[in-house]
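Here are some worked exercises to try with the model open beside you. Have a go at each task before reading its solution.

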Amino acid sequence: MKRNRKEGLFKSDLVFEAIKQSFIKLNPKNQFRNPVMFTVEIGTFVMMVVCAWILAGEKSQGSFIYNLTIFLILLLTLLFANFAEALAEARGKAQAASLRKTREDTPAKRIQILGEIFLNEIHIVPSSQLVKGDMFICETGDIIPTDGEIIEGIATIDESAITGESAPVVRESGGDKSSVTGGTKVLSDKIKVRVTTEPGESFLDKMIALVEGASRQKTPNEIALTILLAGFTLVFIIVCITLQPFASYAKTPIPISAYISLFVCLIPTTIGGLLSAIGISGMDRALRANVIAKSGKAVETAGDLDVLLLDKTGTITIGNRKATNFYAAKGVDKDHLIKCAVMSSMADETPEGKSIIELGGINPQSLQVDNPTFIKFTAETRSSGIDFGNTQIRKGAYDAMKNKVEKAGNMFPAGTIEDVKKISSNGGTPLVVLENNVVLGVIELQDIIKTGIFERFERLRKMGVKTVMVTGDNPLTAKYIAEKAGVDDYIAEAKPEDKMAYIRKEQATGKLVAMMGDGTNDAPALAQADVGVAMNSGTSAAKEAGNMVDLDNDPTKLIEIVEIGKQLLMTRGTLTTFSIANDVAKYFAIVPALFITSIPALQRINIMNLHSPSSAILSAIIFNAIIIPMLIPLALKGVAYKPIGASALLRRNLLVYGLGGILVPFIGIKLIDMLVALCM
Amino acid sequence: MYYSSAFKLGKDVCMEMLGIIVIFVAMVALSIPLGKYIAKVYAGEVTFLDRIFHPVEKLIYRFLGVDAMCPMTWKQHLVALLTVNLLWFPLTMFVLMNQNWLPLNPDHIAAMSPDLAFHSTISFITNCFQQHYSGETGMSYFSQIFIMFPLFFLTPAVTMSAMAVVFNALKGRATDKLRNFYYYYVRSILWILLPISFVTAIIFLFNGMPMTLQGAHTFTTLQGDTMYVARGPIAAFESIKMLGLDGGGFFGANSAHPFENPNFFTNMIENIFHMLLPVATVFALGFYLNRKKLAWMIFGVMTLGFILLLIPAMNAELKGNPAITQMGINNSMGNMEGKEIRFGTTASAFWSITATSSMNGAVNCMHDSFMPISGGMQMLGIMVNTLYGGVGTGVLGFFIAIILAVFIGSLMIGRSAQFLGKKVGMREIKITMIITLLHPFLSLVGTALACSFPTLTTPTLNNPGFHGFSEMIYEYASASSADGSGFEGLGDNTPWWNITCGFIILFGRYLPIIGAVAIAGMLAGKQYIGDSAGTIKTDNATFGLLVFSLIFVVTALAFFPALAVGPIAEHFSIVTH
């Protein structure tokens, strides 16, 4: 997500490519998909015929130059619309190309199960020859040739080519981190990988096809909007066609160019011209956030989500617990407790252990321990510690420690029991420290809630999205963290089936649910969810089940995905409103121009006081044409989403795009008219 | 001239203003409890009229042979609705074309020509009641009593049933089982239309409306001429004519006739009835769905539109014709041409806007004689068609506008469309768009055709030029919206007008009903999803503004070029000269 963000919208090579495409896209077959622009194309064609007719000697249609100008402006309108689409596609392609670079043919060390001389010979083949089910090996320094799953070994891998993240990651066979992506580089060790996709069908390949627009299908919402725009277009076809008899009743001859101009101005060309660019750039924005969406529909659905299932660890809390406090038992010196706690953690490689040393503030090296034996944590003893000399220090779970103390015939101090309870109810985990079976005190471990996460959930709540924390913790701890982080609900002691059940329950009430997962056991839930985001590091089963893949493996990405989806829908909505609102001014520019010669009284509705009928018509269609390229940046970047509640957001957008859509053309047309008047 | 001093006039205008404020306030005050009552009637809750009408209701069901408790899908509902409604077509055609020999024809009124009968039949069965004849010379008592009178009740009941099933469909649940059509149909008549019109008829009777089956009264004037005064069973007619938004006059002059509208008091009652059911049904929606704020939003948008139509019209009428002022004639009474002295300028202007913004179509003055701007406002009311709108159809039309606004508004806040807990999908949008463009299509294409055949239409125009154009577009817009009022001045009893208007009424009436019921039925079948903080709120001023703007830009502006050729051109021609 760090890459490409700062690239300008109009990079020269992209623009050049887009301009070329704008002309190619004039092909009616291409335009037919978009009813609004298709009718403009017909109008342009009619104007071309009118120009030819005038050249052939027709006198009733006005001057050749005037008609030619209108023809050219209409052509320009079409080209601008095509340019918007082509630019969005070019940007997608550029994005895809940078991904594709990583997929260039790399040599693969394929394992031939039945070789020419031996079993399991290794042959070097180009990566394009690998098919699903093949196995290959990768050693230090190799580029992984294609997507696959590690079946043997462990390796550190540099995934920066895909994620832009420079820190290497560990991938190993079995478990949930067994997946490798083509194009990444093995930094150490050796792995054996089974190919999981056919050539040309990996996620990246699919994604590339999608952003390039080749396999882009219209989403349901886009189709509905197209129907709406086609409906408006039909209304204005009726308005313009019926105008002819009205005009002949009023004995006003109206030239063909005026009908076509009125028509092109009234139909929603602004949104019609930008519609597919908006759709493509929605996918593109997802890709820029390093999310591969398998379909445009998935991105759109993301904007509509009602419920997000978020894993606690990594999303809401920083991966690991941290020691936050020491509570000494009655009559025990706190410094002694700290010293013993640090000693017990000297050999503890877990992040919890390290955090105890950190909190203790004592360098373990400075402590004198003779001939120590380190006791590792086991599930049976549920404690760890150190033995040296006659001293035995242990730290561990409360009930395990209590047993140990009572077995030794000692008292468990009441004050410490209090401390333990207090820590638990505050969402922490207590670790009791013993020295020779005597209680020294408790260490408090706390989940560290990510900074800023509370605000993000608040933001989601205002969007109408409910957040659900999924955690393996006990309900008490889960409840505490849920409250502190500001999530709306939680699933404690969660098993994979619980996620599935929760998703089903929400969906039964018509809610759209998203979740993120990486393990094979997440796959059914990922498939069930309306938006299932699999981590790129996850198993291939998970990636197959979800409809998006996050290349960054960042659990907070869901929040970003929701906003991208919303932006996509909002951009469509606001530009539609803007486009329709523009009609008010255009009516006032063109209608008086049509009738003014024969009904001079209608000069009074020429409220913009435009120079002449022909300058009025020209200014209106020029405005109509140039508003398209002017809005391309907005269409490609998307309208900024502000989580201020549905009604406030509607009010704001109505004001900006509705009222703005009414006022801007009045000003724009007037200014253009002043310029046109100078040229006439 | 009636008044000699400007002072007296000023006082009079104030009184007239007070009159219309009283009318409006009384209308709203009556609509709210009536809306609550209507909601109860459709929900099948207990009402005080149950004891009287339950036995009657049962009897009717037995007679019709229907099980009104059996649920229907939206398609079955529509089939029943259309069947019940269209059965009247052959019957009405027969009676109108044979009324000359049928009984109860003391004034020997002739049979209708086939094309006039066709137009009148369609116009009657659709609650449009556009009349290309004059009642006193075109309809026998038999036709009035056995065709027009029952249809005054039955046709609003049809649209009310369609509206009721939409209410039913919008209740938050997923089902394809909606209430039986006959249940709503019979209840609309017995519980709502019958009792209110009965009480009002008695009030009208006491205000001097005739109620007789005797033929025209004949007497000899001082000059020795024989004069005929047409009469009939008018009081009963008048109450349901106004309540059911039928608007078809017993006489050609409609509510400008002293027998149909004797005094200012009856004028007030009739004027209240213009808007009573359309507004009450809006509140009924709120009570029925328990979304009172939504009802207020709808009422607010409708009222805003109504007032925006009313103010220019009243202003133009009170100022009067500047051409007359220029001639040095005292024009301080305002534009009184075509208006009744007993109602005055203000109340007549108010009536004309209420009649055209609700789809009543009854007139108490000559719309043709209004100032061009007022005529334009009347037309705009008919063109927009949902600023109060007809009985049931007003709410249905607004429902369509809401669906459109919900779609665009939801997109604007980054959601897919959702209304009352149901997702609005592609199919609903498709129907919405067809219905949205239907009304401009019918009115504009009709007028365009009329302009294209000047040999058939120009001789029927009372005025040449812009005003003649207004007469034509008014006629078709009135037909398409089932308003049924006429700009008049148009010689509309010709095969051209009878046939074209007949078809336009037919399409303009049933397609929007079918569309709205279909959308509601489809939504009913969908899963119910509650609202969240992210879904669009439809019951506040912001959304109201969105609906209003869409209605204005999409519907009203589609007519802008036509209005420019008609009333706008005429207005500025008068002002500039």
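**Exercise 1. Work out how helix H8 (residues 256-266) of chain A lies against helix H21 (residues 557-595) of chain A, and which residues meet.**

Solution. This is a predicted model, so keep in mind that everything below is computed from it.

- Step 1: Start with the geometry. The two helices pack at an angle of about 170 degrees, and their axes are 9 Å apart.
- Step 2: Turn the angle into a description. Angles over 145 degrees count as roughly antiparallel, so H8(A) is roughly antiparallel to H21(A).
- Step 3: Find the residues that meet. H8(A) brings A:Ala258, A:Ser261, A:Leu262, A:Cys265 and A:Leu266, while A:Asp583, A:Lys586, A:Ile590 and A:Leu594 come from H21(A).
- Step 4: Sort them by class. The contact of H8(A) with H21(A) has six nonpolar residues, one polar and two charged.
- Step 5: Recall a helpful rule. An α-helix has 3.6 residues a turn, so residues three or four places apart point the same way.

**Exercise 2. Decide whether chain A is spread out or compact, using its radius of gyration.**

Solution.

- Step 1: Take stock of the elements. Chain A contains 23 helices and 21 strands.
- Step 2: Compare with the globule rule. For 680 residues the rule gives 26 Å, but the radius of gyration of chain A is 34 Å, well over that value, so chain A is more spread out than a compact globule.
- Step 3: Look at the box. Along the principal axes, the C-alpha atoms of chain A fill roughly 115 × 70 × 45 Å.
- Step 4: Check burial and contacts. In chain A, 52% of the 680 residues are buried. Of the contacts in chain A with a separation of 6 or more, 69% join residues 24 or more positions apart.

**Exercise 3. Describe the contact between chain A and chain B, starting with how many residues each chain gives.**

Solution.

- Step 1: Count each side. Chain B gives 53 residues and chain A gives 60.
- Step 2: Name the elements on the side of chain B. Those giving two or more residues are helices H15 (393-412), H16 (426-452), H20 (541-558) and H21 (560-576) of chain B.
- Step 3: Pick out the main contributor. H16(B) gives the most to this side, with 14 residues.
- Step 4: Sort the side of chain B by class. Its residues divide into 34 nonpolar, 16 polar and three charged.
- Step 5: Follow H16(B) across to chain A. Helix H7 (residues 220-249) of chain A packs with H16(B) at an angle of about 5 degrees, with axes 9 Å apart. Angles under 35 degrees count as roughly parallel, so H7(A) is roughly parallel to H16(B).
- Step 6: Classify that helix pair. The contact of H7(A) with H16(B) has 22 nonpolar, six polar and one charged residues.

**Exercise 4. Is B:Asn127 buried or exposed, and is B:Asn290 buried or exposed?**

Solution.

- Step 1: Check the backbone. Phi is positive at both, near 70 degrees for B:Asn127 and near 55 degrees for B:Asn290.
- Step 2: Place them. B:Asn127 sits in the loop between helices H5 (114-125) and H6 (135-138) of chain B. B:Asn290 is in the loop between helices H10 (264-289) and H11 (292-319) of chain B.
- Step 3: Count neighbours. B:Asn127 has 31 other C-beta atoms within 10 Å and is buried. B:Asn290 has 10 C-beta neighbours inside 10 Å, so B:Asn290 counts as exposed.

Methods. Residues numbered from 1 in each chain as written. Chains lettered and ligands numbered in written order. Predicted model: local features only at pLDDT ≥ 70, side-chain atom pairs only at ≥ 80, totals over all residues. Helix = DSSP H or I, 4+ residues; strand = E, 2+ residues; numbered from the N terminus. Rg over C-alpha atoms; globule rule 2.2 N^0.38 Å. Buried ≥ 20, exposed ≤ 12 C-beta atoms within 10 Å, placed from the backbone. Contact = placed C-beta atoms within 7 Å. Axes fitted to C-alpha atoms, helices over the stretch in contact; angles between N-to-C directions. Parallel < 35°, antiparallel > 145°, perpendicular 65-115°, else oblique. Nonpolar A, V, L, I, M, F, W, Y, C, P; charged D, E, K, R; others polar.
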